[in-house]
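Colleague: I'm still new to reading models like this one, and I'd love a slow walk through one part of it. Could you pick a strand, look at it closely, and tell me how it sits in the rest of the protein?

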Amino acid sequence: MIPQPPAIRRHTTMTTLSRKLDDFRWEDVPLLAYKQEGNTFRDITRQTLFDGEPTLPCQWRYFEISPDGHSSLERHEHLHVVMIIRGRGQAFVANRILDLNTFDIVRIGPLTWHQFRANLGQPLGFLCLVNIQRDRPQLPDATTLAQLRAIPLVADFIRV
Ligand code: MN
């Protein structure tokens, strides 16, 4: 049997210092699309600030939603820990609509429906910590959407 490599998709050694540039960009960090595919999100970018190493197998990303944009409404087994570092907005997490201000911290637990929106006239930029090994996000099916929309506040908030 050939030993399998560690189940870490990739790892890079980040530079000791990556200075913040103007407008929430960082040195040597490319500005990427939020996701490779799909149309369940709007006006959102991704930068991977730390891409995991064997002794720290997590990814640290910065997402930024432009005014009126939103992330996907999704859930997954893996956790997120989010810190808002730019602007304001709101998020749907579980059964609540949260008002988010700069430096607020949001923990999103396993299989918890969530969506971030920059719906307060400002960008919403946040750091998001995830495990390198993680399941793919699930999108709501028609039954789930109907259940979520049974709550009027949630029906008004979510974008799919
Ligand atoms: Mn998520």
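What follows is a look at one strand, with some background before it and a few other places after it.

Modeller: Happy to! A word on the ground rules: this is a predicted model, where local features need pLDDT of at least 70 and side-chain atom pairs count only at pLDDT 80 or more, while totals for chains, interfaces and linings use all residues. Residues are numbered from 1 along each chain as its sequence is written, and side-chain values use heavy atoms, with hydrogens and water left out.

Let's get the big picture. You are looking at 2 helices and 9 strands, where helices (H or I, at least four residues) and strands (E, at least two) are DSSP runs numbered from the N terminus. Read from that end, the order is β-β-β-β-β-β-β-β-β-α-α. The radius of gyration is 17 Å, close to the 15 Å from the globule rule for 160 residues, so the protein is as compact as a globular protein of that length. (That radius is taken over C-alpha atoms, and the rule is 2.2 Å times the number of residues to the power 0.38.) Along the principal axes, the C-alpha atoms fill a box of roughly 50 × 45 × 25 Å.

How much of the chain is tucked away? Of the 160 residues, 42% count as buried; buried means under 20% relative accessible area, exposed means over 50%, and partly exposed is in between, with a 1.4 Å probe and protein chains only. Then there are contacts, meaning heavy atoms within 4.5 Å. Among those between residues at least 6 apart in sequence, 65% join residues at least 24 apart.

Now for the strand I picked, β3, which covers residues 58-70. Phe63 is a good place to start, as it is part of β3. Its relative accessibility is 5%, so Phe63 counts as buried. Which residues does Phe63 touch, not counting those up to four places away in sequence? They are Tyr34, Ile44, Thr45, Arg46, Leu124, Gly125, Phe126 and Cys128. Try a distance on your screen too: from Phe63 to Gln47 you step 16 residues along the sequence, yet the C-alpha atoms are 6.5 Å apart.

Gln59 belongs to β3 as well. With a relative accessible area of 3%, Gln59 is buried. Between Gln59 and Leu49, 10 residues apart along the chain, the C-alpha separation is 7.7 Å.

Asp68 also has its place in β3. Is Asp68 buried or exposed? At 52% relative accessible area, Asp68 is exposed. Look at its backbone as well: phi of Asp68 is near 80°, a positive value in a residue other than glycine.

You may wonder about the cysteines. A disulfide is a covalent bond between the sulfur atoms of two cysteines. The cut-off here is a pair of cysteine sulfur atoms within 2.5 Å, and the structure holds 0 disulfides. Why no bond for Cys58? Its closest cysteine sulfur, in Cys128, is 11 Å away, which is too far. Cys58 is buried at 14% relative accessible area, and Cys128 is buried at 2%. You have met Cys128 already, on the list of residues that Phe63 touches.

Next, follow the chain into the loop between β3 and β4 (80-87), where Arg75 sits. Arg75 is partly exposed, at 26% relative accessible area. Leaving out residues up to four places away in sequence, Arg75 touches Leu111, Thr112, Trp113, His114, Arg136, Pro137 and Gln138. Arg75 and Leu111 are 36 residues apart along the chain, with 5.0 Å between their C-alpha atoms.

Finally, take a peek at the segment before β1 (32-33), home to Phe24. Phi of Phe24 is near 55°, another positive value in a residue other than glycine. Phe24 counts as buried, at 18% relative accessibility. Ser18 is in the segment before β1 too. Setting aside neighbours within four places in sequence, Ser18 is in contact with Trp26, Glu27 and Val29. For a long view across the model, Ser18 and Leu153 are 135 residues apart in sequence, with 41 Å from C-alpha to C-alpha.
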